[in-house]
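Visitor: I would like a walk through this model. Please keep the answers short.

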Amino acid sequence: MATIGISSSCFYPINTEIALKTALEAGITHFEIHFSTFSELSDGYIKEIRKMLRHYGAQVHSLNPFYSLLESPMFFSDYSERRFADALELYKQFFHTAARLDAQYVILHGGQTTGKNRVMISQDEYIERYNTIFETARKHGVTLLHENVYMHVAQTTEFCRRLIEYLGDKALFAFDNKQARRAGSDSAAFAEAISGHIRVVHISDCDREHDCLLPGKGNEDFPAIRHAMSGDDKDAFWAIEVYNNAFTDPEQIVMSLKYLSMKLGEAEQSKFTKS
């Protein structure tokens, strides 16, 4: 059975510790934490977060760095190798923080495809640099995941498949169904294209007017997404990730978690228990 929780970014721009406490008091115990500034990486701050999580018996599965907006110019520009080295040193802080929180994954948005900070290096060089970041994360005991963010290189299944072709089992993803929709892809088809390599799912619902609703408030086919995933995907962490205008009370998220759990339970029962 998939583990289901939320991203703390659902409550943004509320301070991270308050967002966590609000969710914990509502009975939510599985998280992706989206850190929002450098001071939240300090030893003292992380110590308090760990204490809070232990008190509620909660678990952090993944970490989303606030620095993602600068990943393109820092990691994937055509500037000197000095900038890449500096960015790598910075991200060691995120890897260290994830390890301290017993979080298995750190998520990378990657290089942009538009604007002045778009990727200016070859795809082969991009993959080589990504591999270096992955190996650095692994030395800290965590696993790097590439997210399929709209207007970034991994918005296409073609790029993701090439990453898999080059890196094999090191090509792992955080799959976001709203990002797939924004890029013009069918959610289930995108998930199927990278199946076996998904470790975190950022999930939301949608309808004709809204592309980011709480699960159960739209018409997304969650069982279809689950059926499209294979192999080790069955152990992926599913995190509801919506904006704060998608709900007015944490209890609505709790109800959405129950709805999603029911839908995934039905899908997994039919997929993984058939003889």
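The questions and answers below go through a helix, the cores, the pockets, the cavity and some backbone details.

Visitor: What kind of model is this?
Guide: Keep its origin in mind throughout. Local features are reported here only where pLDDT is at least 70. The model is predicted.

Visitor: Where do the buried residues of H1 fall, seen down the axis of the helix?
Guide: Helix H1 spans residues 16-25, and its buried residues are Thr16, Ala19, Leu20, Ala23 and Leu24. An α-helix has 3.6 residues a turn, so residues three or four places apart point the same way. Seen down the axis of H1, the buried residues fall within an arc of 130 degrees, so they line one face of the helix.

Visitor: Which elements are included in what covers the buried residues of H1?
Guide: The residues to be covered are Thr16, Ala19, Leu20, Ala23 and Leu24. Their cover includes two strands and a helix: S1 (3-7), S2 (30-34) and H2 (43-56).

Visitor: Which residue follows H1, and what is its phi?
Guide: The residue after H1 is a glycine, Gly27. Its phi is positive, near 100 degrees.

Visitor: Which residues touch the most other members of the largest nonpolar core?
Guide: In soluble globular proteins, nonpolar side chains tend to be buried together. Here the largest nonpolar core has 84 residues. Helix H4 (residues 81-100) gives the most to this core, with 8 residues. The members that touch the most others are Ile6, Phe31, Phe35, Phe75, Ile133, Phe175 and Trp238.

Visitor: Which residues does a second, separate core include?
Guide: This second core is made up of 8 residues. Among them are Tyr105, Leu172, Phe237 and Ala239.

Visitor: Which residues of H1 are in contact with Phe31?
Guide: Leave aside neighbours within four places in sequence. The contacts of Phe31 then include Ile6, Leu53, Val60 and Phe237. They also include Leu20, Ala23 and Leu24, which are buried residues of H1. The names asked for are Leu20, Ala23 and Leu24.

Visitor: Is Met74 buried or exposed?
Guide: Met74 lies in helix H3 (residues 71-75). Not counting residues up to four places away in sequence, Met74 touches Tyr67, Arg83, Phe84 and Ala87. Its relative accessibility is 19%, and the cut-off is under 20%, so Met74 counts as buried.

Visitor: How far apart in space are Met74 and Thr248?
Guide: In sequence, 174 residues separate Met74 and Thr248. From C-alpha to C-alpha, the distance in space is 37 Å.

Visitor: Which residues are closest to the centre of the largest pocket?
Guide: The largest pocket holds about 600 Å³ of space. Its lining has 25 residues. Helix H7 (residues 177-182) gives the most to that lining, with 3 residues. Closest to the centre are His34, Ser68, His109, Glu241 and Tyr243.

Visitor: How many charged residues are in the lining of the largest pocket?
Guide: Take the lining by class. There are 9 nonpolar and 11 polar residues. The charged residues number 5.

Visitor: Which elements give two or more residues to the lining of the second largest pocket?
Guide: The volume of this second pocket is about 150 Å³. Its lining includes Thr3, Ile4, Gly5, Val254, Leu257 and Lys258. Gly27 is also one of the lining residues. The elements asked for are S1 and helix H10 (250-272).

Visitor: What is the volume of the largest cavity?
Guide: The structure holds 1 cavity of 30 Å³ or more. Among its lining residues are Ser8, Tyr12, Asn15, Thr16 and His34. By class the lining has 3 nonpolar, 6 polar and no charged residues. The volume is about 40 Å³.

Visitor: Which residues does a cis peptide bond join?
Guide: Most residues other than glycine have a negative phi, and most peptide bonds are trans. Here one bond has an omega of about 15 degrees. Its proline is in the loop between S1 and H1. The bond joins Tyr12 and Pro13.

Visitor: Is Asp102 buried or exposed?
Guide: Asp102 sits in the loop between H4 and strand S4 (105-108). Its phi is positive, near 60 degrees. The relative accessible area of Asp102 is 60%, and the cut-off is over 50%, so this residue is exposed.

Visitor: What is the phi of Met151?
Guide: Met151 is found in the loop between strand S5 (143-147) and helix H6 (157-167). At 38% relative accessibility, Met151 counts as partly exposed. Its phi is positive, near 65 degrees.

Note on methods. Residues numbered from 1 in each chain as written. Predicted model: local features only at pLDDT ≥ 70, side-chain atom pairs only at ≥ 80, totals over all residues. Heavy atoms only, no water. Buried < 20%, exposed > 50% of the residue type's maximum accessible area, 1.4 Å probe, protein only. Helix = DSSP H or I, 4+ residues; strand = E, 2+ residues; numbered from the N terminus. Arc of directions from axis to C-beta. Contact = heavy atoms within 4.5 Å. 1 Å grid on protein atoms, 1.4 Å probe; cavity = no way out; pocket = protein on both sides within 12 Å on 5 of 7 lines; lining within 4 Å. Points joined across faces, edges and corners; volume = space filled by probe spheres on them. Nonpolar A, V, L, I, M, F, W, Y, C, P; charged D, E, K, R; others polar. Core = buried A, V, L, I, M, F, W, Y, C linked by side-chain atoms within 4.5 Å.
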